[in-house]
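Here is a quick tour of a protein model, starting from its core and working out to a loop. Have the structure open as you read.

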Amino acid sequence: MGSSHVSEELVMAFDSTQQALRAEMLMEYVGLDIDTCPTPKEITAGCALSIQFHPDDLEQVKSLIATEHIEIKGIFHKQGAEYIIISIT
């Protein structure tokens, strides 16, 4: 997997940089393959930092968000030129 698959990645956006950095640390700690990136301009969020991850990891990410009480703006999937929210949990 590489940058050629970026459009297939899911994007998790945040309203707080503190939550984004905390999520990044926790996701790396449990061994998830993630990339931090600027929040796409199509996503309205209070934080300029987002995390991209593979769709196969969605359930593990949602579980981590719930157990660690990570505050997120949402998880988005790119569809054409738009980002569609798929989860806010």
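## Cores and what feeds them

In this predicted model, the largest nonpolar core has 19 residues. Those with the most contacts inside it are M12, F14, M27, F53, V61, I70 and I75. Strand 1 (10-13), helix 1, strand 3 (49-53) and helix 2 each supply at least two residues of this core. There's also a second, separate core of five residues, and V11, A13, I43 and Y83 are among them. As a general backdrop, nonpolar side chains in soluble globular proteins tend to be buried together.

F53 is a handy place to start clicking around. Setting aside neighbours within four places in sequence, F53 is in contact with E9, L10, M12, M27, D33, I34, L58, V61 and I75. That list includes M12, M27, V61 and I75, which are also named among the residues with the most contacts inside the largest core.

## Three buried residues

Let's look at one residue in helix 1 and two in strands. A23 has its place in helix 1, V11 sits in strand 1, and S87 is found in strand 5 (residues 82-87).

| Residue | Relative accessibility | C-alpha partner and separation |
|---|---|---|
| A23 | 0% | I72, 9.1 Å |
| V11 | 1% | T39, 8.3 Å |
| S87 | 7% | D15, 15 Å |

Why does S87 count as buried? Its relative accessibility is 7%, and buried means under 20%, so S87 qualifies. A23 counts as buried because its relative accessibility is 0%, and V11 is buried with a relative accessible area of 1%.

The pairs in the table are separated along the chain as well: A23 and I72 are 49 residues apart, V11 and T39 are 28 residues apart, and S87 and D15 are 72 residues apart.

Now for who touches whom, not counting residues up to four places away in sequence. A23 touches M12, F14, I51 and I70. V11 touches P40, I43, S50, I51, Q52, G74, I75, F76 and Y83. For S87, the list is K62, G74 and I75. I51 turns up for both A23 and V11, while G74 and I75 turn up for both V11 and S87.

## How the two helices pack

Two packed helices are described by the angle between their axes and the distance between the axes. Here, the axes of helix 1 (residues 17-29) and helix 2 (residues 58-68) come within 11 Å and cross at roughly 120°. Helix 1 and helix 2 are therefore oblique to each other, and their crossing is right-handed.

Which residues make the contact? On the helix 1 side they are R22, L26 and M27, and on the helix 2 side V61, L64 and E68. By type, the residues of this contact divide into four nonpolar, no polar and two charged. M27 and V61 are in the contact, and both are also named among the residues with the most contacts inside the largest core.

## A loop residue with positive phi

Last stop: the loop between helix 2 and strand 4 (74-79), where H69 lies. Most residues other than glycine have a negative phi. For H69, phi is near 55°, a positive value in a residue other than glycine.

Is H69 buried or exposed? At 63% relative accessibility, H69 counts as exposed, because the cut-off for exposed is over 50%.

Definitions and conventions:
Residues are numbered from 1 along each chain as its sequence is written. This is a predicted model: local features need pLDDT of at least 70, side-chain atom pairs count only at pLDDT 80 or more; totals for chains, interfaces and linings use all residues. Side-chain values use heavy atoms; hydrogens and water are left out. Axes are lines fitted to C-alpha atoms, for helices over the stretch in contact, and angles run from 0 to 180 degrees between N-to-C directions. Helices (H or I, at least four residues) and strands (E, at least two) are DSSP runs, numbered from the N terminus. Angles under 35 degrees count as roughly parallel, over 145 as roughly antiparallel, 65 to 115 as roughly perpendicular and the rest as oblique. A crossing is left-handed if the near helix is turned anticlockwise from the far one by less than a right angle, and right-handed if clockwise. Contact means heavy atoms within 4.5 Å. Ala, Val, Leu, Ile, Met, Phe, Trp, Tyr, Cys and Pro count as nonpolar, Asp, Glu, Lys and Arg as charged, and the others, Gly among them, as polar. Buried means under 20% relative accessible area, exposed over 50%, partly exposed in between (1.4 Å probe, protein chains only). A nonpolar core is a set of buried Ala, Val, Leu, Ile, Met, Phe, Trp, Tyr and Cys residues joined through side-chain atoms within 4.5 Å.
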